[in-house]
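Please look over the sequence and the model below, paying attention to where aromatic side chains meet and where nonpolar side chains gather.

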Amino acid sequence: MKAGPGNEAAGKLSDHPGRVLTGITLKIMSVAVFVGMQTCIKAAGTLPAGQIVFFRSFFAIFPIIVFLALKGKLGTAFATKRPLNHIARGVVGVCAMGLGFFALTRLPLPEAITLNYAQPLLVVVFSSLFLGEAIRIYRWSAVAVGLVGVLIISWPELTLLTSGAALGDQEVLGVVAALVSAAISANAILLVRNLVQTERTATIVLWFSATASVMALFSLPFGWQALTPLQAGLLVAAGFCGGLAQILMTAAYRHAEASVVAPFEYTSMILGVVVGYFAFGDVATINTLVGGVIVVAAGIFIIWRERQLGLERTRTRKAAPPQG
């Protein structure tokens, strides 16, 4: 992937300590708002996943539209020459989101958040399998270690799969849903990687939110539940939080390099443990804590390795003699 003007600008901006600090602050804020979104969804109870997806996607559109309108970019936000690619990304993303919400409503908050950390590890695996990217031993080792961490987190529930009690255990189903969601979500990331070559971030986000909202409506005949005013309010709040978090996350990456900002995604583990305990009485198990630390360490190593390889490629380009 060639570095475009935007990437070059980001590199220059990241050299300024003030910009870096702003980027990190915005990233932590986005993570906190995402945890707030997950908290609202969990507090709403065990509702149908399609119903949750609709509220999360539809009401996320409003803060994004307001933000784009304030920047004067609303008129062209939906403009694209690749509608089918956006729809494909939407279909994959909705499947991942639905399974993720199913898991969220059936697992303790710290466990649901931590299992989602499998996604960046699987992105490395799928990048090699489907895109033919060359993955060196360092990143394969980090992926292997990270997946061991995921196994440690999941082990108490996965051991129940050998017994007849598994099919009736909601936490077992939640763990399975979370892991499948992470795998599907990793594929969605690959589709987004392709889209960002030609599409703006706002276009990708709006198309996804719109596609997800429409697709979620198809689950209506399968039994949406009547909502209490509190449940409706929580789901609407979850949608607004999702849109706001997306804006904050995008702004964070405009202020500092991804390799600087990305590791702060893992602050959600700390927030998940704290919020889970005080809001739902969820006590993080030793498996979740130990496995989570291993997965976080593997993820940060992969981010660090990506940065090193990026610097190495930059030095090689600068050292190469001019062509022609």
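The paragraphs that follow go from the nonpolar cores to a buried helix, and then to the aromatic rings and the charges placed over them.

The model is a predicted one, and its interior is a suitable place to begin. The largest nonpolar core has 64 residues, and those with the most contacts inside it are Met37, Ile41, Val53, Phe101, Leu107, Leu115 and Tyr117. Helix α2, which covers residues 17-43, supplies the largest share of this core, namely eight residues. One of the core residues, Leu115, can be followed outward: when its neighbours within four places in sequence are left aside, Leu115 is in contact with Leu107, Val150, Ile153, Ser154, Val175, Ala178, Leu179 and Ala182. There is also a second, separate core of seven residues, and among them are Ile61, Ala77, Val205 and Leu206.

Val53, already named among the core residues with the most contacts, is also one of the buried residues of helix α3. Of the 10 residues in this helix, which runs over residues 49-58, eight are buried, and α3 is therefore largely enclosed by the rest of the structure. The buried set consists of Gly50, Gln51, Ile52, Val53, Phe54, Phe55, Arg56 and Ser57. Two of these, Phe54 and Phe55, belong to a cluster linked by ring pairs, whose other members are Phe58, Phe59, Phe62, Trp224 and Phe240.

Pairing of aromatic rings, counted with a limit of 6.5 Å between ring centres, gives 13 aromatic pairs. In one of them, Phe126 and Phe130, the ring centres are 5.5 Å apart and the planes stand at 25 degrees, so the pair is stacked, given that stacking requires planes under 30 degrees apart. Both residues lie in helix α7 (residues 118-131), four residues apart, or about one turn of the helix. Residues three or four places apart in an α-helix point the same way, because there are 3.6 residues a turn. Even so, Phe126 is buried, with a relative accessible area of 13%, whereas Phe130 is exposed, at 54%.

Tyr277 and Phe278 form an edge-to-face pair, with 5.2 Å from centre to centre and 85 degrees between the planes. Here Tyr277 counts as partly exposed at 47% relative accessibility, while Phe278, at 68%, counts as exposed.

Aromatic rings also meet charged side chains in this model: the charged end of Arg89 sits over the ring of Phe208, 4.1 Å from its centre, and Arg106 lies over the face of Phe102, at 3.8 Å from the ring centre.

Key:
Residues numbered from 1 in each chain as written. Predicted model: local features only at pLDDT ≥ 70, side-chain atom pairs only at ≥ 80, totals over all residues. Heavy atoms only, no water. Phe/Tyr/Trp six-rings, centres within 6.5 Å; stacked < 30°, edge-to-face > 60°. Helix = DSSP H or I, 4+ residues; strand = E, 2+ residues; numbered from the N terminus. Buried < 20%, exposed > 50% of the residue type's maximum accessible area, 1.4 Å probe, protein only. Lys NZ or Arg CZ within 6 Å of the ring centre and 35° of its normal. Core = buried A, V, L, I, M, F, W, Y, C linked by side-chain atoms within 4.5 Å. Contact = heavy atoms within 4.5 Å.
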